[in-house]
Amino acid sequence: MTTRTRSQSKGDFISKMPDDVLLMILSLMPVKDAVVTGSLSMRWSDLWRNVIRLNFDGTEAFHKMASDKKLCVIERCKYVNQVYNVITSHTHPTVQDFRIRFDLDATESEEIDEWVEFALDKKVETLELDLLDKTYDIRDPDENYEFRLPSSISMLGEMLSLKNLFLKGVSLLGPTLNEILTISPHLEKLYMFGTDVYPCICFGGQGINLKHFKLVSCSGIESISLHGFDLVSFTYYGPEIELHLSDLPKLKEVVIGEVSVGLENNVFSQISSCALYLQALELDVRSPKKGLEVNAIIKLPNVKKLTLAMDAEEDDCLLEFTSIAQACPSLETFSIALHWFSPLKRRRKIRRVAAPHVHKHLKRLEMSGYYGRISDLELAVYVIDNAAALKKIVIDPCCQAFGGRLSKEDCLKRLPAARSSAKHQLTPLLPPGVDMEIL
């Protein structure tokens, strides 16, 4: 068969596909690529207008925009026009996913309002507004686009199709948040990042169907109170707030970031009402040098996975944080992420906990940021000594730092030495039957 004949066969194969299959393929593409297919033939010219997943991802231009202010204006205009041209040409009665990803702010409020109205009128299930700045920084709240429900939706009084709402770099006032929850009986996921939010978030009751609630680096929040519905997972990363979680019997996973080590923010007392239900707990601990208030730790009888992310500066001993693991008698996976600003090593003897504590069910240890310092080794040895059912150790030596004096290139240069240290230190200590993987 000639090359030309093979090409014709491929073309015939695609042309014989039903529209539903072709639309499924087009829906997996970025919108701008799907639109280009309209130039292939008369059949294709109308096909893209019926895709049900509209993903307007313009982030590929961010690198160029970061160094050229004039280009920012040009790229914004191009992006806004692209979205306008697509939604005014779209003919399918519904849209399953509608995603906006570009550097936009309050100056484009009128256009974004129209896009939101379009999506909601099309019975959208997943709505994402990712308006973070081109450097992925969080803007001043006054510059953010304010998310508002269209008047047509407010008057109608319901959004029956909306299941997932993701907001980044926007403002969302309390009344709007409560209205969304009230008129969206099928909303299961609500994620907010870099969002300016009303100071007091308080909701609950049987009418709320939310299963997953996540807030990261959101400004303006002073308190969060959640009660009386079937929440499954809750994540909060941010400064100290008043947190009240009550009557949430389905709550299985809690993630709390920027935890003050002296526990001035009373993180354990704040989650005590759901301690019996939790199966996964993640704490991002700040400034371990302040010391841990061990007496504040509560029993977590059903936690099977514990994740501790810790600042690991200057090779300080972190063994006291194993007290949190000791409060989890059902623990199966212990994950430790070490954030170090400087990979300094101290010459000192390895320490062990004063009293051994057998973890009967602990099967897996995961350590990221392992550099081969004594403090890293101490944590690994604790698990090796005390995990009776240990089967697997996964070591990721990649630097987990989020600041400090090291550049990304410096961190990558140190990877071979970190891998070598992990292998040299831990291999002789492995009990029979324990497998170790160094990434």
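Start by selecting Tyr191, which counts as partly exposed at 28% relative accessibility. You are looking at a predicted model, so it is worth keeping confidence colouring within reach as we go.

**Stop 1: Tyr191 and its partner**

With Tyr191 still selected, add Phe166. The two rings form a tilted aromatic pair, 5.1 Å from centre to centre and with 40° between the planes. Now show the strands around them: Phe166 sits in strand S5 (residues 164-168) and Tyr191 in strand S7 (residues 189-193), so the pair ties together parts of the chain that are 25 residues apart in sequence. Is Phe166 buried or exposed? Phe166 is buried, because its relative accessible area is 15%, while Tyr191 counts as partly exposed.

**Stop 2: the loop leading to S5**

Step back along the chain to Leu160, in the loop between helix H8 (151-156) and S5. Leu160 counts as partly exposed, at 46% relative accessibility. Which residues does Leu160 contact, leaving aside neighbours within four places in sequence? Select Pro185 and His186 to see them. Between Leu160 and His186 the C-alpha to C-alpha distance is 6.3 Å, although the two are 26 residues apart in sequence.

**Stop 3: a pair between helices**

Next, pick Tyr79 and Trp115. Their ring centres are 6.3 Å apart and their planes meet at 65°, so this pair is edge-to-face. Tyr79 belongs to helix H6 (residues 69-89) and Trp115 to helix H7 (residues 109-121); the pair links distant parts of the chain, 36 residues apart. Both Tyr79 and Trp115 are buried. In the whole structure, a search finds 8 aromatic pairs.

**Stop 4: the phenylalanine cluster and the core**

Select Phe203, Phe213, Phe229 and Phe234 together: ring pairs link them into a cluster. Two of these names come up again in the largest nonpolar core, which has 118 residues; Phe98, Phe213 and Phe234 are the ones with the most contacts inside it. Helix H12 (residues 374-386) gives the most to this core, with 7 residues. As background, nonpolar side chains in soluble globular proteins tend to be buried together.

Centre the view on Phe234 and show its surroundings. Not counting residues up to four places away in sequence, Phe234 touches Phe213, Leu215, Ile224, Leu226, Leu243, Leu245, Leu251, Glu253, Val254, Val255 and Ile256.

Then move one residue along to Thr235, in strand S12 (residues 233-237). Thr235 counts as buried because its relative accessibility is 12%. Beyond its neighbours within four places in sequence, Thr235 is in contact with Phe213, Lys214, Leu215 and Val255.

**Stop 5: two loops with positive phi**

From Leu215, go on to Ser217, in the loop between strand S10 (212-216) and strand S11 (223-227). Ser217 is not a glycine, yet its phi is positive, at about 50°. Most residues other than glycine have a negative phi. Ser217 counts as partly exposed, at 31% relative accessibility.

For another such residue, select Asp247, where phi is near 50°, again a positive value in a residue other than glycine. Asp247 is found in the loop between strand S13 (242-246) and strand S14 (253-260). Is Asp247 buried or exposed? With 56% relative accessibility, Asp247 counts as exposed.

**Stop 6: two cysteines**

Select Cys328 and Cys398 in turn. Cys328 is buried, with a relative accessible area of 2%, whereas Cys398 is partly exposed, with 30%. How many disulfides does a search of the whole structure find? The search finds 0.

**Stop 7: the full view**

Zoom out to the whole protein chain, which holds 14 helices and 20 strands. Buried residues make up 48% of its 439 residues. The accessible surface comes to about 21,500 Å², and 53% of that belongs to carbon and sulfur atoms. Of the contacts between residues at least 6 apart in sequence, 70% join residues at least 24 apart.

Finally, colour by pLDDT. The chain averages 84, and 82% of the residues score at least 70. End at residues 1-11, where pLDDT stays under 50 and the model has 2 contacts beyond four places in sequence.

Methods. Residues numbered from 1 in each chain as written. Predicted model: local features only at pLDDT ≥ 70, side-chain atom pairs only at ≥ 80, totals over all residues. Heavy atoms only, no water. Core = buried A, V, L, I, M, F, W, Y, C linked by side-chain atoms within 4.5 Å. Buried < 20%, exposed > 50% of the residue type's maximum accessible area, 1.4 Å probe, protein only. Helix = DSSP H or I, 4+ residues; strand = E, 2+ residues; numbered from the N terminus. Contact = heavy atoms within 4.5 Å. Areas by Shrake-Rupley, 256 points an atom, 1.4 Å probe, with all protein chains shown as cover. Disulfide = S-S within 2.5 Å. pLDDT = per-residue confidence, 0-100. Phe/Tyr/Trp six-rings, centres within 6.5 Å; stacked < 30°, edge-to-face > 60°.
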